[in-house]
Amino acid sequence: MKELSKNYEPAQVEIKWNQRWKEKGFFNSFPDNRKPFTVVIPPPNVTGVLHMGHTLNETVQDILVRRARMNGFNACWVPGSDHASIATEAKVVNMLRERGIDKNSLSREEFLQYAFEWKEKYGSIIYNQIEKLGCSVDWSRVTFTMDADYYRAVIKVFVDLYNKGLIYRGARMINWDPAAKTALSDEEVEYKDLQGKLYYIRYKLIDESGKELANPRTGEMGIVIATQRPETIMGDTAVCVNPNDERYAHLRNAKAVVPLINRSIPIIFDEYVDPAFGTGALKVTPAHDINDYNLGLKHNLEVVDTLNADGTLSEAAVIFVGEDRFSARKKIVASLIEKGFIVKDEEYATRLGYSQRTGVVVEPRISTQWFLKMKPLAEPALKAVLDGDITIHPGDKFLATYKYWLENVKDWCISRQLWWGQQIPAWYDDKGNVIVAESEAEARKNYASQFGISNNNIQLTRDEDVLDTWFSSWLWPMEVFKGISNPGNKDVQYYYPGAVLVTGQDIIFFWVARMIMAGLEYNKEKPIEKAIPFKDVYFTGMVRDKQGRKMSKQLGNSPDLLKLIDQYGADAVRFGIMISSPAGNDLLFDTASLEQGKYFNNKLWNALKLVKMWEQKIDADLPDENNFAIRWFESRLNEVQAEVEKLFSEFRLSEGLKTIYSLVWDDFCSWYLEWVKPGFEQSVSEHVLSKTKSFFTTLLQWLHPYMPFVTEEINALLNAGSTELCIKQFKPAGKVDTGVLQQGAILKADITAIRDARKKNDIKNSETISFLKNAVAQQVYSDSPMDALLQKQANISVIVDNADASVAGKERIVVSSSDRQFYLYIDKKIDIAAQRDQLEKDLVYHQGFLQTISKKLSNERFVQNARPEVVELERKKMTDAEARIKAIEESLAQLAV
C-alpha cells in the first residue's frame with residue numbers, strides 16, 4: 001500500500017481533479033432524454049474578483065448542481081460575466097490615462113478596441129477563481145453580455161419594447177453620477193444617514209419698484225431661508241412660502257435677491273411648503289432637487305443648472321466656475337459669512353444618495369434620457385410569485401420586499417452616457433425626429449418610408465448613449481441559450497426555464513424581478529410554468545465580518561479568496577462558509593470556520609488511513625462479531641439520508657451540511673469505527689471491511705456536493721477504479737430499524753457515562769475495572785451483542801454480584817445513565833461526599849428541566865399548534881428526565897447504604 005501523507009494536502013489534489021473533470025467532460029451538458037436541471041450563474045462584473053459574497057453564492061449553486069447531477073438530472077450550469085458599463089469604462093479610462101491617452105481624443109471604435117483589450121487581459125481572472133473553488137460549470141457555454149449574439153438580442157428587445165410603446169425618451173429629473181458622468185436608475189442609488197449642516201441665509205427682499213422691504217410685523221429686513229446646499233443658491237429661481245402663513249402675507253408681488261450674485265427672483269406661494277419646517281420659507285432650485293423641479297413645472301419657473309456633468313460649477317453659477325461642488329460649498333459659505341448673509345448654522349440629520357457604482361454623492365439632474373415603462377411588466381411578475389408559480393426562499397424574509405418593490409415600481413431610466421455597452425439603436429435627423437431600428441440600414445429604410453424621402457438623401461446620426469448593463473442581464477436566463485437571438489432553438493426549448501436561481505438579496509429588484517418580467521414578456525404564448533425564467537429563487541445572506549460590518553474594499557475587511565484557498569484548501573473554504581450560513585441569514589465570516597473545515601478534511605483523511613490499514617489485516621475465516629455495529633450504522637445512514645433529503649427540499653443547505661458533518665464526525669468516526677476496529681495485532685473480517693468501505697463511500701458521496709475535491713480523492717484511494725463521485729448516482733434510502741437505533745443510543749449514552757466517571761475519578765481509560773449492572777441494565781444488555789461492545793469500549797470486566805471475591809475491599813462508584821445504573825469498583829479511595837454532592841446537583845438540574853417540559857406540555861395552545869413531531873420530542877424529553885431523576889435518586893440511596 002502506498003503510504004498516505006500525514007495530513008490531507010489539498011493543493012495538488014485540487015489541480016488534479018479540476019483537470020480530470022474537465023478532460024472527461026463531466027460537466028458539459030447536451031439536451032437528451034433526462035430531465036434538465038438548469039442554473040445560470042449570476043454574471044459577476046468582468047472587472048471584478050470573487051469576494052466572499054460571490055464565494056457563498058457560487059458554493060450554494062455548485063452544491064445544488066452537483067447534487068442534481070448525482071440524482072439523475074441533466075445538470076447544466078452556465079457561467080459568464082456582464083460587461084459592467086460604468087465600472088469597466090472607468091477601468092479602461094484609467095488604463096488609457098496611464099498610457100498618456102485621453103478618452104476624448106479617441107473615436108468610439110478606437111475606445112472599444114481598448115475596452116476589449118482590457119476585457120481579454122483581465123476578464124478571465126474571475127473564471128479562474130470559479131474553477132479554483134471547484135464549481136462544476138459547463139465551460140463550453142461561457143457567455144458574455146457583449147458577445148455578438150447577446151448584443152443583437154439586447155438591441156432586438158429594445159426595438160420591440162419601443163414598438164410596443166413601453167420605451168420612450170424624455171427630459172426628466174434623474175440621478176446623475178458625476179464621477180462616471182452618466183445617469184443612474186433609482187435602484188443604483190444607495191442612501192446613507194449622515195450628520196450634515198443646515199445654513200440659515202438671509203435673502204434681501206424688494207418690491208416691484210426695487211425698494212428693499214422689511215417685515216411690517218417685526219421690522220426685520222429680508223427673509224431667512226434654511227438650506228443644506230449653499231453651493232446651489234446660484235441656481236435659485238424662486239422663494240416659496242405657504243399661502244396660509246401670515247408671516248409672509250406681505251410678500252405678494254415681492255421679489256428676493258439671491259446672495260452673492262444679486263439676481264432677483266419671484267416669491268411664489270404653494271401649500272407644498274411646511275410652515276413649521278425651518279423658517280417656513282423655501283429656496284426653489286429646479287435644476288438640483290426633484291421637489292423643486294416639480295414646483296418649477298407647476299409655477300413655470302426658469303431652470304438654472306449650476307453644475308457641469310463632472311460635478312464642477314458651470315458658467316451659469318457665475319461665481320467659482322470650474323470649482324468642485326464640495327470645494328465650492330466651503331468657499332461659498334466663507335463668502336456668505338464674510339458678507340453677513342449667514343444668520344446661523346446648526347447640525348442636521350440628513351440622508352444622502354450615493355452611486356452604487358462609484359461611491360460618489362449622486363446629483364439630481366434634469367436630463368433627456370430613455371425610459372422603460374415598468375408597471376405593465378411588473379404586474380404579471382408580481383402575480384407569478386404571489387400565485388406560487390415562482391417560490392422565494394426564504395419566503396418569510398423576502399416575499400414582502402419583492403411585493404413592495406413591484407407595487408411601487410417607477411419607470412426605469414435605461415440610458416447611460418458611456419461608450420462601453422450596447423449602443424442605443426436610435427437615429428436622429430437634423431430636426432430631432434427619431435427612428436428606432438435594429439440597424440442603420442433598417443433605420444434609413446423606415447425613415448424613407450415614414451417621411452417620403454429618398455434613402456440616399458437621408459442624414460441620420462445615431463444616439464451616443466448605451467443601455468444600462470441591467471438591460472442586458474435581465475435577458476440572461478433566455479439569452480445564454482440564444483432564446484432571444486435565435487428563438488425556439490433546441491437548447492432553449494430544453495433548458496429553459498431554469499430550476500433555481502441563487503443570488504444575493506441586494507439585487508432582488510435590480511435583477512431577479514426584471515428577469516421574471518423579461519421571461520414573462522417574451523414567453524407569453526407559453527403556459528406559465530414554461531414562461532417563468534426559474535421555479536425557485538434562493539437568496540443567500542449578506543457576508544459580514546466578525547464585527548457585523550458588510551465586507552467592502554473600503555473597509556479592507558474582505559479577504560482574498562485565492563489566498564484563503566492556498567492556506568486552507570477549497571473544500572475548507574466551502575465548508576467554512578456553508579456551515580455558518582442558514583438561508584437568507586447574514587453570515588458573520590470568521591476564519592475559525594475555515595480551520596474547522598481543514599480539521600474535518602484531516603478527520604476524513606485519518607479515517608481513510610485507518611480503513612486502508614485494515615486491508616492488510618483481513619482474515620477470511622474470521623466470524624462476524626460486529627453485526628450490531630453494522631446494523632446500527634446502516635440504520636443511521638438511512639435515517640440521516642431522509643433528513644438530508646428533506647432539508648434540501650427546503651433549501652436548508654447549511655443545516656444539511658451540519659447533519660452530515662455530525663454523522664461523519666460523531667457516529668462514523670467516533671462510534672462506528674471504534675466499535676468495529678480490531679484490537680492490537682488482530683484481524684478484521686472481510687464482511688466488516690466491505691461494509692465499512694461501503695458506509696464510508698456513501699458518506700463521501702453525500703459530502704461531495706459540499707466538498708468535492710477531498711471526497712473525490714479519498715473515494716479514488718478507498719475504491720480503486722470506481723466511478724467518480726461527481727457522476728455517481730445516489731441510491732434511495734433503505735429501511736430504518738428504530739429498535740437498533742434506540743439500542744445504539746443507549747449504548748453510546750452508557751459508554752459516555754462510564755468514561756465520564758473514569759475521568760472524574762482520575763481512572764485511565766487503559767485501566768481495566770470491574771463493574772456490576774443494576775436490574776434494568778442487566779435486562780437491557782442480557783443476551784445482547786451490545787454487552788461485548790460496552791465492555792470493550794468502556795474497558796470493563798463484568799462481575800456477578802457484590803459478593804464477588806475480586807471486588808472485596810474495593811471502593812464503589814455509582815454511575816447513572818437514564819434508568820440504568822452501573823457500579824464501578826476501584827482500588828483507590830473515593831470521596832463519597834463529593835460524589836453525593838454531584839448527584840444532588842444533577843438531581844436539582846433534572847428536576848428543573850422536568851418542570852419546564854411539564855409546563856410546556858400542559859399548555860394546550862402549544863400542544864395544539866406545534867407540529868406533531870415537536871410535541872412528541874418534548875414528551876420523550878419528559879420521559880427521559882423522569883427516568884434520569886429516578887436513577888439519580890436510586891444512586892443517592894445506594895450511597896447511603
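Between which two elements does the loop that holds Arg 34 lie? Select Arg 34 to begin the tour: in this predicted model, the residue sits in the loop between α1 (10–23) and β1.

**Stop 1: Arg 34**

With a relative accessibility of 41%, Arg 34 counts as partly exposed. Display its side chain together with that of Asp 32, since the two make a polar contact of 2.8 Å. Then add Gly 72, Phe 73, Asn 74 and Tyr 494, which are in contact with Arg 34 once neighbours within four places in sequence are left aside. For a distance across the model, pick the C-alpha atoms of Arg 34 and Ala 384: they are 27 Å apart in space, and the two residues are separated by 350 positions in sequence.

**Stop 2: the largest cavity**

Move along to β1 (36–40), which, like β22 (498–504), supplies at least two residues of the lining of the largest cavity. This cavity holds about 60 Å³ of space, and three cavities of 30 Å³ or more are counted. Select Thr 38, Val 40, Pro 477, Phe 481, Tyr 495, Tyr 496, Pro 497, Gly 498, Val 500, Leu 501, Pro 533 and Phe 534 to show the lining. Strand β22 gives the most to it, with three residues. By character, the lining comprises ten nonpolar residues, two polar residues and no charged ones.

Two of the lining residues, Tyr 496 and Pro 497, deserve a look at the backbone. A cis peptide bond joins Tyr 496 and Pro 497, with omega at about 5°. Pro 497 itself belongs to the loop between α14 (490–495) and β22.

**Stop 3: the second largest cavity and Arg 325**

Next, select Trp 176, Pro 178, His 288, Asp 305, Leu 307, Asn 308, Gly 311, Glu 363, Pro 364 and Arg 365, the lining of the second largest cavity. Its volume is about 50 Å³. Strand β14 (residues 363–372) contributes the largest share of this lining, three residues. Here the lining divides into four nonpolar, three polar and three charged residues.

Glu 363, one of these lining residues, leads to Arg 325, because their side chains make a polar contact of 2.8 Å and Arg 325 counts as buried at 4% relative accessibility. Arg 325 is located in helix α8 (residues 325–338). Beyond its neighbours within four places in sequence, the contacts of Arg 325 include Pro 178, Leu 307, Gly 311 and Glu 363; Glu 231, Thr 312 and Val 361 are also among them.

**Stop 4: the nonpolar cores**

Which residues have the most contacts inside the largest nonpolar core? Select Leu 372, Phe 471 and Trp 474, which hold that place in a core of 185 residues. Helix α21 (residues 653–676) gives the most to this core, with 13 residues. Centre the view on Trp 474 and show its partners outside the four-place sequence window, among them Val 157, Leu 161, Leu 372, Leu 377, Trp 412 and Trp 511. Arg 514, Met 515, Met 517 and Ala 518 are also touched by Trp 474. A second, separate core has 30 residues, including Val 239, Tyr 248, Val 258 and Ile 332.

**Stop 5: further backbone features**

Go to His 393 and Pro 394, which are joined by a cis peptide bond with omega at about -10°. Pro 394 lies in the loop between β15 (391–393) and α10 (395–407).

Ala 84 comes next: although not a glycine, it has a positive phi of about 50°. The loop between β3 (80–81) and α3 (85–98) contains Ala 84. Is Ala 84 buried or exposed? At 5% relative accessibility, Ala 84 counts as buried. Asn 795, likewise not a glycine, has a positive phi of about 50° and is placed in the loop between α26 (785–794) and β27 (796–798).

**Stop 6: Asp 545**

Finish at Asp 545, in the loop between β24 (543–544) and α17 (561–568). Asp 545 counts as buried because its relative accessibility, 7%, falls under the 20% cut-off. Show the side chain of Arg 549 as well, which is joined to that of Asp 545 by a polar contact of 2.7 Å. Outside the residues up to four places away in sequence, Asp 545 touches Met 551, Asn 557, Leu 588 and Phe 589.

Notes: Residues numbered from 1 in each chain as written. Predicted model: local features only at pLDDT ≥ 70, side-chain atom pairs only at ≥ 80, totals over all residues. Heavy atoms only, no water. Core = buried A, V, L, I, M, F, W, Y, C linked by side-chain atoms within 4.5 Å. Buried < 20%, exposed > 50% of the residue type's maximum accessible area, 1.4 Å probe, protein only. Helix = DSSP H or I, 4+ residues; strand = E, 2+ residues; numbered from the N terminus. Contact = heavy atoms within 4.5 Å. 1 Å grid on protein atoms, 1.4 Å probe; cavity = no way out; pocket = protein on both sides within 12 Å on 5 of 7 lines; lining within 4 Å. Points joined across faces, edges and corners; volume = space filled by probe spheres on them. Nonpolar A, V, L, I, M, F, W, Y, C, P; charged D, E, K, R; others polar. Polar contact = N/O pair within 3.5 Å; in protein donor to acceptor, adjacent residues only side chain to side chain.
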